[in-house]
Amino acid sequence: MKEVVLITGANGMVTRELSENINQEYEVRLLTRKKKQSNEYEWDINRGTIDESAFDNVSHIIHLAGANISEKRWTAERKKEIISSRTDSAKLILETLKKKNIRLKSFISASAIGIYGAKTSQKIYSEQDEKADDFLGKVVVLWEQAADKFLEEGAAERVVKIRTSIVLSEKEGALKKMAVPIQFWIGSPLGSGQQYMPWIHLKDISAIYEFALKNPHIKGAYNSASPEHTTNENFTKKIAEVLKKPLLMPNIPAFILKIIFGELSIALLEGSRVNSQKLHDAGFQFQFPYLKKALENLLKN
């Protein structure tokens with residue numbers, strides 16, 4: 001009998017990739033706002049409702065739900081939504097597990113390298129480094145605290161927190177937003193272009209979740225970024241190189257991005273490197289450790 005894995009964030013690209021990769025070995029169920037498939041179960045975080053039958057015989061939960069950080073301006077209301085979509089959703093799951101007296105083998109939660117803050121520095125951050133006090137840092141601290149409660153309250157044998165960097169996919173996300181203007185010869189670096197952009201191929205981040213699922217020794221927080229570091233300027237040039245397009249436009253000035261995006265612009269204009277050595281030491285091997293190969297795989301398909 002297959003173990004049951006319940007995944008939140010049914011419409012996300014990581015969920016789709018991961019579900020496809022593990023559905024032969026596990027019974028995969030998805031929590032979603034509107035059921036479309038037989039393996040989907042509805043929940044409503046704002047109303048605090050959930051289809052409890054999704055939890056029948058569940059062994060593992062992979063919590064990927066969360067409002068997109070970079071989708072909208074950070075108004076006060078949007079900030080609340082960003083936090084609530086991560087923490088209130090975890091709380092609803094935890095309450096349901098306790099109500100049904102279920103103890104998971106593992107609770108694996110998405111997290112983010114934003115825990116180290118939106119700043120550009122020469123420091124390379126590892127998992128034990130101090131957490132930032134800016135908005136992104138606070139969001140991720142609350143996110144991880146919500147995950148840790150599953151262990152603290154006995155609802156899971158172990159908790160894993162995957163601190164994710166920018167996920168590269170040809171279909172959506174940051175890469176598509178950067179590649180489209182370059183294809184039309186109007187792409188350019190953002191601000192100084194010297195901010196670092198920790199990144200990871202979609203196949204690798206999906207593989208990390210599968211690795212965490214299958215290996216009981218994986219516990220705690222893991223930086224999930226490919227080991228090759230790059231700046232925004234170099235990232236932009238590599239895309240242009242792979243697409244065989246020239247970069248003719250000057251860098252987009254920081255003040256323009258601040259006018260357009262408001263406080264959100266800091267996530268575009270700042271960035272530091274992170275160290276994924278802990279993940280490597282645990283036995284994980286990246287399929288796409290180098291940016292050019294990752295871009296060639298995604299942009300030439």
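In this predicted model, Asn11 has a relative accessible area of 54%, and because exposure is assigned over 50%, the residue is classed as exposed. Asn11 is located in the loop that connects strand S1 (4-8) with helix H1 (13-22). When residues up to four places away in sequence are set aside, Asn11 touches Arg16 and Thr32. A further relation links Asn11 to Leu64, for although 53 residues separate the two in sequence, their C-alpha atoms lie 9.8 Å apart in space.

Helix H4 (residues 174-183) packs with helix H6 (residues 232-243) at an angle of about 60 degrees, the two axes being 10 Å apart, and the pair is therefore described as oblique. The crossing in which H4 passes H6 is right-handed. On the H4 side the contact is formed by Leu175, Met178, Ala179, Ile182 and Gln183, and on the H6 side by Asn232, Phe235, Thr236, Ile239, Ala240 and Leu243. Classified by residue type, the contact of H4 with H6 comprises eight nonpolar and three polar residues, with no charged residue taking part.

Helix H5 (residues 202-214) contains 13 residues, for which a span of 18 Å is expected at 1.5 Å a residue; the C-alpha atoms at its ends are 19 Å apart, which agrees with that expectation. H5 is also mostly covered, with 10 of its 13 residues buried. The buried positions in H5 are Leu202, Asp204, Ile205, Ser206, Ile208, Tyr209, Glu210, Phe211, Ala212 and Leu213.

Terms used: Residues numbered from 1 in each chain as written. Predicted model: local features only at pLDDT ≥ 70, side-chain atom pairs only at ≥ 80, totals over all residues. Heavy atoms only, no water. Helix = DSSP H or I, 4+ residues; strand = E, 2+ residues; numbered from the N terminus. Expected span 1.5 Å × (residues − 1). Buried < 20%, exposed > 50% of the residue type's maximum accessible area, 1.4 Å probe, protein only. Axes fitted to C-alpha atoms, helices over the stretch in contact; angles between N-to-C directions. Parallel < 35°, antiparallel > 145°, perpendicular 65-115°, else oblique. Left-handed = near helix turned anticlockwise from the far one by under 90°. Contact = heavy atoms within 4.5 Å. Nonpolar A, V, L, I, M, F, W, Y, C, P; charged D, E, K, R; others polar.
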